[in-house]
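Thank you all for making the time this morning. I would like to walk you through one structure, region by region, and I will show it before I say anything about it.

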Amino acid sequence: MTFDFDAVVVGAGAVGLACGYALSQRGRTVLVLEKEAHIGQGVSSRNSEVIHGGLYYPTGSLKAQACVEGRRRLYAFLDSHKVDYWKCGKLVVATEAAEVPRIEAIFEQATINGVEGLEHLTGEQARALEPALNAHAAILSPESGVFDSHGYMSALEGEITAAGGAVVISAPFEGAEPLPDGGFSVRVGGEGAMTVTTRQLVTAPGLSAQSVAGAIEGYPADRIPEGHYGKGIYFRLTGPAPFNRLIYPPPIKGALGTHYRKDLGGQGVFGPDLAFVEAEDYSVDPDKRDTFAHYIRRFWPDVDAERLVPDYAGIRPKLHGPGEEQPDFQIHGAEVHGLEGLVALFGIESPGLTSSLALGEIVADRLNG
């Protein structure tokens with residue numbers, strides 16, 4: 001049969017657009033559907049805009065593979081598309097002797113993962129780089145950085161449309177049914193409600209991953225992983241930024257924890273923390289300022305709480321609950337759900353932004369390999 005599109009991608013965040021880009025680079029006609037009025041309005045718009053080196057993730061995991069490969073691809077893509085970034089480097093800091101074994105374990109894991117240029121630093125060496133820092137010891141990762149994530153997503157959208165595809169906003173996915181001879185019929189809502197046919201279907205809608213999968217006829221309910229909302233808030237620092245490099249204490253359980261970055265505008269930003277919530281809520285509680293300041297004081301003793309102002313909040317699509325370890329990304333093909341031509345992504349939180357180009361390649365390979 002003749003299809004309207006070779007591939008439909010649900011979700012125009014960084015990962016969905018990267019999937020559409022990878023497929024369009026293989027000569028596929030691609031339609032990307034986005035329920036919001038602009039691309040990248042969900043998880044992709046409410047994060048730290050950090051380019052992660054790939055330090056923390058378990059050997060052989062999708063996160064380790066996709067983060068390192070995605071980071072290498074990302075810098076090249078940003079260069080070729082003239083998207084702003086700053087390879088400022090990261091310091092993972094042991095603020096006391098008891099934390100040294102934890103950062104040493106991170107160094108070992110990062111080496112296994114193939115992260116380039118890592119260095120052990122004494123506290124004195126770390127303070128030589130960042131004089132305001134409290135550090136007993138540190139790891140330097142020179143490949144880490146920050147970037148303009150919205151400029152990146154706009155460049156991906158431009159590549160998709162240049163290849164003959166389309167990115168349609170205000171177009172919520174309402175469901176899909178497998179067709180008798182292969183492919184899918186996809187129902188699209190919004191003012192321009194329509195039904196389109198596609199040979200292949202990719203779902204990468206972030207926080208909506210579970211509900212989108214549940215709206216695909218024949219997707220086994222018991223193969224849809226349980227999702228959780230992990231909320232994190234950020235505080236911005238008024239006045240001069242104290243550090244040039246990213247500053248990360250050792251991770252907390254289930255997340256990398258509250259860290260520091262100097263954004264492309266030159267301002268210092270701290271966050272995110274982690275609180276599990278039942279619904280999307282992007283409010284920022286100003287009363288958390290003192291809690292943030294207490295945490296920050298571990299690595300920046302001179303922080304003035306009065307300079308911390310509430311900034312924004314993000315919610316991460318987690319596959320684990322409070323107190324549990326972070327699982328790997330999940331990419332479900334027909335071997336999981338039994339539907340040929342469908343790839344569904346779940347739990348694409350950090351380092352999903354850094355990993356996006358590699359995840360797009362993995363999805364395209366699964367569909368076409």
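**A pocket, two sheet regions and some unusual backbone**

Let me start with helix H3, residues 100-112, which gives the most to the lining of the second largest pocket, contributing four residues. Before I go further, please keep in mind that this is a predicted model, and that what I say about the pocket is computed from that model. The second largest pocket has a volume of about 440 Å³, and it is lined by 21 residues, with Tyr56, Pro58, Pro251, Glu325 and Gln326 lying nearest its centre. As for the chemical character of that lining, the residues divide into twelve nonpolar, four polar and five charged.

Now to the strands, and I will begin with strand E12, residues 194-203, which is mostly covered, seven of its ten residues being buried. Which strands pair with E12, and in which sense? Strand E1, residues 5-10, runs parallel to E12 and is joined to it by five bridges, and within that pairing the bridge partner of Val10 is Thr203. Strand E20, residues 342-346, also pairs with E12 in the parallel sense, over three bridges, and here Val202 has Val343 as its bridge partner. Strand E11, residues 184-188, is joined to E12 by five bridges as well, but these two strands run antiparallel, with Val188 standing opposite Met194. E11 and E12 form a hairpin with five residues between them, and in the turn Gly190 has a positive phi of about 90°.

For anyone who works less often with sheets, strands pair through backbone hydrogen bonds, and they do so either parallel or antiparallel.

There is also an open sheet of three strands, in the order E3-E8-E4, with antiparallel pairing. Strand E3, at 50-51, and strand E4, at 85-86, stand at the edges with a single partner strand each, so one side of each is left without a neighbour in the sheet. If you look at E3 together with strand E8, residues 145-147, you will find two bridges in the antiparallel sense, and Val50 stands opposite Val146 there.

Leading into E3 is the loop that follows strand E2, at 30-33, and Ser44 has its place in that loop. Is Ser44 buried or exposed? With a relative accessibility of 13%, Ser44 counts as buried, and, leaving aside its neighbours within four places in sequence, Ser44 is in contact with Gly13, Ala14, Ser149 and Met153. Glu49 lies in the loop between E2 and E3 too, and its phi is near 55°, a positive value in a residue other than glycine. Glu49 counts as partly exposed, because its relative accessibility is 21%.

That brings me to the backbone more widely, where the background is that most residues other than glycine have a negative phi, and most peptide bonds are trans. Ser170 likewise has a positive phi, near 55°, and it is found in the loop between strand E9, at 166-168, and strand E10, at 173-178. Ser170 is partly exposed, with a relative accessible area of 39%.

Where, then, are the cis peptide bonds that I want to show you? One runs from Gly271 to Pro272, with omega near -5°, and Pro272 lies in the loop between strand E16, at 268-271, and strand E17, at 275-277. Another runs from Ser350 to Pro351, with omega near 5°, and Pro351 lies in the loop between E20 and helix H9, at 352-368.

Finally, the cysteines. How many disulfides does the model contain? Taking a disulfide as a pair of cysteine sulfur atoms within 2.5 Å, the count comes to zero. Cys19 is in no disulfide, and the nearest cysteine sulfur, that of Cys67, is 16 Å away. Why is there no bond at Cys88? The closest cysteine sulfur to that of Cys88 is again in Cys67, and at 14 Å it is too far for a bond. On accessibility, Cys19 counts as buried because its value is 0%, and Cys88 is buried as well, with a relative accessible area of 11%.

I will stop there and take questions.

How values were computed. Residues are numbered from 1 along each chain as its sequence is written. This is a predicted model: local features need pLDDT of at least 70, side-chain atom pairs count only at pLDDT 80 or more; totals for chains, interfaces and linings use all residues. Side-chain values use heavy atoms; hydrogens and water are left out. Buried means under 20% relative accessible area, exposed over 50%, partly exposed in between (1.4 Å probe, protein chains only). Two strands pair if DSSP finds at least two bridges between them. On a 1 Å grid over the protein atoms alone, a cavity is a set of points where a 1.4 Å probe fits but cannot get out, and a pocket is an open set with protein on both sides within 12 Å along at least five of seven lines; lining residues have an atom within 4 Å of a point. Grid points are joined across faces, edges and corners, and a volume is the space filled by probe spheres set on the points. Ala, Val, Leu, Ile, Met, Phe, Trp, Tyr, Cys and Pro count as nonpolar, Asp, Glu, Lys and Arg as charged, and the others, Gly among them, as polar. Contact means heavy atoms within 4.5 Å.
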